[in-house]
Amino acid sequence: MLYDRPVHRPIGEIAMAVEVSDELRLEHSFRVLALKQALEADLPKGVRELIPTHRALGIVFDPLVISFIELSDVIRSLEPALDRLRTLPSRVVEIPVWYDDPWSQACARENGVKDNMEFLAEINHTTVQGVIDWHTGRQHWVSAVGFQPGTYQTIPLDTSEVITAPKYERPRKSTPARIVCLAGMITSFYPFESPGGYQLLGRTPLELYDPDQRLSAFRDGPVLSKVGDRHRYVSIDEIEYRRIRTEVERGSYDYRIEPGECRLEDWVRAT
Amino acid sequence: MTPLPSIVVLKSAGQTTIQDLGRTSLVKDGIPPAGAFDALSLKIANKLVGNDPGDWMVIGSRPGAAGLEVLMGGLSFVPTRNAVIAVSGAEADVAVDDAPAEMWKSIQVPAGARVSIGPSRHAARVYVAIDGGINVPPVLGSRATHVRARLGGLGGRALRQGDVVPLEPGDPHDLPDRWLSPDRRPKLSPPWALGVVLGPQDYLFTSASVDTFLATEWKMSHVADRMGCRFLGPPLSFRERPDYLIAQAGSDPSNIVDDMTHFGGIQVPSGLEPIAMGVEFPSIGGYAKIATLISTHVSRLGQIRPGDSVRFVSYSLEAAVAELRACLEPASFEPAVV
């Protein structure tokens, strides 16, 4: 439910959440980004960081410079303009994935799941290729970044067809690095070996987290994904996987990133 | 050729890591500050040896000099140059070549002498500052070790026997001996009280459960590390949720559509065992957060040991800001010259 007006909630004395809704919807994510853009245009003194997630904008601030109430007043003054922001800058990032790769298969088996992709195909009444076609056949909107360094959560822009995945009943103790995974319709990513509960789709040869900022795509920061990006997945085979992986390790891989815009009207009927 | 100044680790019984006040403005990328869990104690130790203590975790602009965080004590090392060190935080026996030395006081250590720190008493983390500071390369603006992401510090990991940890050259001028008198040191022993600001999702809990949260004497469980600490006590319950949220956020009554988790946030998965977030917190999560520790008391959380009794005390926003102002006032921990 979209709130009549965003609710401002304290997160201790050094942060606040400006919450636009309690749901995950593209139009609510847009509103969060619209507020972020409006704040950045004239960033109030004392604001240290803006953290957009699906349905709220987190603001970290120094309360010895600006108080919660002063910051709240600034945000209230920006709210009337949010409705009009219906086109946002949005890059398209291409992510090659070796679907149903041997690492995912081994990881699923270790967790008592005989065949991860067969399972997803079965519960969605399709084939393994059907799951891959669905995942590669649409753009995915990044509506949150975080949990771990470089992890993201995306929702499909085109929801005319639906593939969903339940989370593991018992979370895994470990998942290999660079696994792309699915829960509900949310695609996410494990940048390094870590516990997790999402279903495993495949492995990408790309680094999406580079703390040393060695690769040129990371010139502006250690994490590639930004809220408001669109991801496009491309299915690759073992040979292609190994070729790209070698280039990434050498630091010579050219990430495919196109600048662009995303119009809310293209995906959500005007209300 | 003169070897670069360093300390050589002879023994590390527990988890010893290189820490400063951590990274800032990277939570949007999923990168928490890391840094000293008891940042106030590290700041004091740095002050005692004449280092930059930095300003503050998360909202600051200076991470200050890097020192050592020693979980539960148990560390010995040798500096390869003359050094001034200070030991703060949890109480422990300190010795330089078998001669006892005091905590919360600057200590002259000649090159080649052995510094040993015994097991900690009453609290969890001992801090060591060395004049000049530790000189590992900063990663993303800080030397802090983020153990889970293998970031910063020495190869992103805890120190081991035989490690050679580079030091800054150190200030050539003679530093007068300094100490912090006992009445001005933080009280680092149980029972503990942790200040919280209620929210961001206290409204999802029943009001009786919010009362229970504040009235209970909780016990810290053994599931406690730099990422977060769990507490044992009564179950908490949630208000009824509309059906669309059950579909969107998940079937557990504590589930919300993921939002930002932050420094000191207290989430309560399934209403059981509240988890207070530490310095390596996951930056988003799908569980309701009943309250958030005031930032200066995250330092205190870093000193609590499993089994200790803890109460959560409600602070108004104004009181929390006043506490922050008092803690960051340099006079509050300016050491005296002996």
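Here are some worked exercises on a predicted model with chains A and B.

## Exercise 1: The nonpolar cores

**Task.** Find which residues touch the most other members in the largest nonpolar core, and list the contacts of Phe312(B).

**Solution.**
- Step 1. Start with the largest nonpolar core, which has 94 residues. Phe231(B) and Phe312(B) touch the most other members there.
- Step 2. Now select Phe312(B) and set aside its neighbours within four places in sequence. Its contacts are then Leu194(B), Val196(B), Phe213(B), Leu214(B), Trp218(B), Phe231(B), Ile266(B) and Leu293(B). Phe231(B), from step 1, is one of them.
- Step 3. Another core, of 67 residues, lies apart from this one. Its members include Leu26(A), Val128(A), Trp134(A) and Tyr233(A).

## Exercise 2: The interface between the chains

**Task.** Describe the interface of chain B and chain A: how many residues are in contact, how much area is buried, and which elements of chain B give two or more residues?

**Solution.**
- Step 1. Count the residues: 46 of chain B are in contact with 41 of chain A.
- Step 2. Turn to area. The two chains bury about 3800 Å² between them, and 63% of that is on carbon and sulfur atoms. On the chain B side, Ile59(B), Met260(B) and Ile284(B) lose the most area to chain A, together 17% of what that side buries.
- Step 3. Add the polar side of the story. There are 14 residue pairs in polar contact between the chains, counting pairs with both residues at pLDDT 80 or more.
- Step 4. Assign the chain B side to its elements. Those that give two or more residues are strand 13 (192-198), helix 3 (243-249), strand 16 (255-260), strand 20 (289-293), helix 4 (295-301) and helix 5 (317-328). Helix 5 of chain B gives the largest share, six residues.
- Step 5. Sort that side by class, and you get 28 nonpolar, 11 polar and seven charged residues.

## Exercise 3: Salt bridges across and within chains

**Task.** Work out which parts are joined by the salt bridges Arg55(A) with Asp259(B), Glu168(B) with Arg143(B), and Glu217(B) with Arg311(B).

**Solution.**
- Step 1. Get the totals. The rule gives 39 salt bridges over all chains, and two across the interface of chain B and chain A.
- Step 2. Place the first pair. Arg55(A) lies in the loop between strand 3 (47-52) and strand 4 (56-61) of chain A, while Asp259(B) lies in strand 16 of chain B, so this pair joins two chains. The closest N and O atoms are 3.9 Å apart, and Arg55(A) and Asp259(B) are both buried.
- Step 3. Place the second pair, at 3.7 Å from N to O. Glu168(B) is in the loop between strand 11 and strand 12 of chain B and Arg143(B) in the loop between strand 10 and strand 11, so the bridge ties together parts 25 residues apart in sequence. Glu168(B) is partly exposed, at 23% relative accessibility. Arg143(B) is buried, at 17%, since buried means under 20%.
- Step 4. Place the third pair, at 3.8 Å from N to O. Glu217(B) sits in the loop between helix 2 and strand 14 (218-224) of chain B, and Arg311(B) in strand 21 (residues 309-314), so parts 94 residues apart in sequence are tied together. Glu217(B) is partly exposed, at 46% relative accessibility, and Arg311(B) is partly exposed too, at 37%.
- Step 5. Look for shared partners. Salt bridges link Arg9(A), Glu19(A), Arg55(A), Asp259(B) and Lys289(B) into one network.

## Exercise 4: Backbone details in chain B

**Task.** Locate the cis peptide bonds at Pro191(B) and Pro200(B), then decide whether Ala34(B) and Leu140(B) are buried or exposed.

**Solution.**
- Step 1. The bond from Pro190(B) to Pro191(B) is cis, with omega near 0°. Pro191(B) lies in the loop between strand 12 (178-179) and strand 13.
- Step 2. Gly199(B) and Pro200(B) are also joined by a cis bond, with omega about 15°. Look for Pro200(B) in the loop between strand 13 and helix 2 (207-215).
- Step 3. Ala34(B) is not a glycine, and its phi is positive, near 55°. This residue is in the loop between strand 2 (16-19) and helix 1 (39-48), and it is buried, with 0% relative accessible area.
- Step 4. Leu140(B), another non-glycine, has a positive phi of about 55°. Leu140(B) lies in the loop between strand 10 (121-130) and strand 11 (164-166). At 19% relative accessibility, Leu140(B) counts as buried, because the cut-off is under 20%.

Definitions and conventions: Residues numbered from 1 in each chain as written. Chains lettered and ligands numbered in written order. Predicted model: local features only at pLDDT ≥ 70, side-chain atom pairs only at ≥ 80, totals over all residues. Heavy atoms only, no water. Core = buried A, V, L, I, M, F, W, Y, C linked by side-chain atoms within 4.5 Å. Buried < 20%, exposed > 50% of the residue type's maximum accessible area, 1.4 Å probe, protein only. Contact = heavy atoms within 4.5 Å. Buried area = accessible area lost by both parts, 1.4 Å probe. Salt bridge = Lys/Arg side-chain N within 4 Å of Asp/Glu carboxyl O. Polar contact = N/O pair within 3.5 Å; in protein donor to acceptor, adjacent residues only side chain to side chain. Helix = DSSP H or I, 4+ residues; strand = E, 2+ residues; numbered from the N terminus. Nonpolar A, V, L, I, M, F, W, Y, C, P; charged D, E, K, R; others polar.
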